[in-house]
Amino acid sequence: MFIGAIGCEPLQLARVQLERSESLETYQKHGGYESLRKVLDGMSPDDVIGELKKSALRGRGGAGFPTGMKWSFVPKDSPKPKYVVCNADESEPGTFKDRYIMERDPHMLIEGMLIAAYALGSKTCYIYTRGEYRYIIEIMDRAIAEARAAGLVGEKILGKDFACEVYTHSGAGAYICGEETALLNSLEGLRGHPRMKPPFPAVAGLYGCPTVVNNVETLTAVPDIIRMGGEAYQKLGTEKSGGTKLWSVSGHVNRPGVYELPMGYADMEKFIMEDCQGIPNGRKLKAVIPGGSSVYIMPASDIEGKNVTMDYEGLVAAGSMVGSGGFIVMDDTVDIFESTKNLTEFYKHESCGWCTPCREGTDWLVKVFKRIARGEGKPDDAQLLLDLCDNIEGKSFCPLGDAASWPIQSAIKKFPEDFRRHLAPLAGGNGHKSLSTL
Ligand SMILES: Cc1cc2nc3c(=O)[nH]c(=O)nc-3n(C[C@H](O)[C@H](O)[C@H](O)COP(=O)(O)O)c2cc1C
């Protein structure tokens, strides 16, 4: 497994392979908490938010919302307490970069959260991890205790007039709790159902108070942005997608791992074939899901010779999305019908049941997939899957419904043969009207 940066100096992966990288001693030896010191020594909250805006940092949890702008939505004059919540749910299939940061460099997250808390006028931070990350809570708790003993968490941080507590909280293992409002419900001890937006968490979040929810990778970018300045950070990437990005690479590549690349890295084909050292066993590239399972699947023909740049704009132009950066590579042995069926079963299992289109729709999708897999598919079943997706996408209460629809829509569009093959036996080779028009 490869861990490191390509095409840039490592920022978020700078320390992860050092001995005792999780310790405060190692972190401080390599510049740790100096950005917090810089902030407390002479920057106003507005200065910090200004640097974040200049950095063009976009949220790494999936939606890519500009972080500085999100922070600026928190009302300054609210008499209510304000909260900083780290989304460490990381349940997106194929995504394992947040886990890696927390395991190996937990103080980077604590420092990022403290700087966020200072900028937002918050005294309380929560780190919400998925249920399966119990061991990470232990690592984080140890790091928080170490930071508290060193005067970096608690009262009078670094001797200044700034107090802040950091707490960890474990989910119980539900994908929906990565959705920020379901996460907030879960953190309050309620069932992890999403909330209506607006109001957005920045205005009415945890306990109805102004709250910023950010992904682990987003928050751990903050110390470097403060250290080097927002403009310099932005220049590492592109105008609209600043800085560097972590990609967790899995599947059919010779060198899977966590890769840090400058935003706008050119290009995706080179990344797969050279940096990830190509496809094992002499097989051919068939498809890539670049941003965790909740994005459109890309066939090799949309990647090879197409100079796809790896940033928000480049991937949208190429027909997919950055999403969570969970980069899943598939060779030509993969049956896209089967892999999409597998993902659909995941979304059905994880649908929280709160809204009808997602609860009922994902169940129907699985039923149709299973029927086709049993060899009992009907000629119109591919079209039926698309119709079901159409009735879920944009109609569910939260984006989980969209996330369940997109892989299917793109799989049928880009890999009709893989669906046709499964439907062929029943039709006895006499053709499928709906499939032939795909
Ligand atoms: C079903 C679903 C699951 C999600 N899971 C995660 C997750 O595991 N981690 C994450 O950071 N964001 C996840 N998100 C996105 C969050 O709702 C939110 O956009 C993010 O935490 C905001 O942080 P950012 O601006 O730093 O990206 C998920 C969204 C949906 C709809």
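## Domains

The centres of domain 1 and domain 2, taken over C-alpha atoms, sit 27 Å apart. Where these two touch, domain 1 puts in 17 residues and domain 2 puts in 18, a contact being two residues whose C-beta atoms, placed from the backbone, lie within 7 Å. On the domain 1 side you'll find 6 nonpolar, 6 polar and 5 charged residues; here Ala, Val, Leu, Ile, Met, Phe, Trp, Tyr, Cys and Pro count as nonpolar, Asp, Glu, Lys and Arg as charged, and the others, Gly among them, as polar.

The full split is domain 1 (9-232), domain 2 (244-331) and domain 3 (336-436), with bounds from an automatic or database domain assignment.

## About the model

Keep in mind that this is a predicted model: local features need pLDDT of at least 70, side-chain atom pairs count only at pLDDT 80 or more, and totals for chains, interfaces and linings use all residues. Residues are numbered from 1 along each chain as its sequence is written.

## Overall build

The protein chain carries 18 helices and 12 strands, which are DSSP runs numbered from the N terminus (helices: H or I, at least four residues; strands: E, at least two). Its C-alpha atoms fill a box of roughly 80 × 45 × 35 Å along the principal axes.

## One open sheet

An open sheet with mixed pairing is built from 6 strands in the order S1-S7-S6-S12-S9-S10; strands pair if DSSP finds at least two bridges between them. Strand S1 (2-5) and strand S10 (298-299) are the edges, each pairing on one side only.

Strand S9 (residues 285-289) runs antiparallel to S10, joined by 2 bridges. Ala287 stands opposite Pro299 in S10.
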